[in-house]
Amino acid sequence: DIARDANPASRASIVGALAAVGAPATLDLLMELYNDPSVGVRREVIKHMTRLERDVTAHIDASYLEKISACLEAEKAKGEWVF
């Protein structure tokens, strides 16, 4: 429910927990929030995606790591973010 809250601060507040759990359901929500209309929410998602991509101890399905990498590469190509 919080991932769909009207308040962007509420949505941004759960991003870290979703990434930390790393289960398919939470990663699906993380991917949804990657397309959030709020810049702050998207920035939080990108920050945690970067951590997930770099964390060699994270037990994340390879298909999600590919999606995360693709999102981060798309952001790098835009040149708007520093992460």
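# Exercises on helix packing

In this predicted model, helix H4 (residues 39-54) packs against H5 at an angle of about 125 degrees, and their axes are 10 Å apart.

**Exercise 1.** Classify the arrangement of H4 and H5, state the handedness of the crossing, and describe the residues of the contact.

*Solution.*
1. The angle is about 125 degrees. Angles of 65 to 115 degrees count as roughly perpendicular and those over 145 as roughly antiparallel, with oblique for the rest above 35. H4 is therefore oblique to H5.
2. H4 and H5 cross in a left-handed sense.
3. From H4, the contact uses Ile46, Met49, Thr50, Leu52 and Glu53; from H5, Leu65, Ile68, Ser69, Cys71, Leu72 and Glu75 take part.
4. Sorted by type, the contact of H4 with H5 has seven nonpolar, two polar and two charged residues.

**Exercise 2.** Do the same for H3 and H5: what are the angle, the handedness and the residues in contact?

*Solution.*
1. Helix H3 (residues 24-34) and helix H5 (residues 62-78) have axes 11 Å apart and pack at an angle of about 15 degrees.
2. Angles under 35 degrees count as roughly parallel, so H3 and H5 are roughly parallel to each other.
3. The crossing of H3 and H5 is left-handed.
4. On the H3 side are Pro24, Leu27, Asp28, Met31 and Tyr34, which meet Tyr64, Lys67, Ile68, Cys71, Ala74 and Glu75 of H5.
5. In the contact of H3 with H5, eight residues are nonpolar, none is polar and three are charged.

**Exercise 3.** Work out how H3 and H4 are arranged, and which residues meet.

*Solution.*
1. The axes of H3 and H4 cross at roughly 135 degrees and come within 8 Å.
2. H3 and H4 are therefore oblique to each other.
3. The crossing in which H3 passes H4 is left-handed.
4. Leu27, Leu30, Met31, Leu33 and Tyr34 of H3 meet Val41, Arg42, Val45, Ile46, Met49 and Leu52 of H4.
5. The contact of H3 with H4 comprises ten nonpolar residues, no polar ones and one charged.

**Exercise 4.** How many aromatic pairs does the structure hold, and which charged end sits over the ring of tyrosine 64?

*Solution.*
1. Rings pair if their centres lie within 6.5 Å. The structure holds zero aromatic pairs.
2. For a charge over a ring, NZ of Lys must be within 6 Å of the ring centre and within 35 degrees of the ring normal. The charged end of lysine 67 sits over the ring of tyrosine 64, at 4.8 Å from its centre.
3. Tyr64 and Lys67 are also among the H5 residues that meet H3.

Note on methods
Residues numbered from 1 in each chain as written. Predicted model: local features only at pLDDT ≥ 70, side-chain atom pairs only at ≥ 80, totals over all residues. Heavy atoms only, no water. Axes fitted to C-alpha atoms, helices over the stretch in contact; angles between N-to-C directions. Helix = DSSP H or I, 4+ residues; strand = E, 2+ residues; numbered from the N terminus. Left-handed = near helix turned anticlockwise from the far one by under 90°. Contact = heavy atoms within 4.5 Å. Nonpolar A, V, L, I, M, F, W, Y, C, P; charged D, E, K, R; others polar. Phe/Tyr/Trp six-rings, centres within 6.5 Å; stacked < 30°, edge-to-face > 60°.
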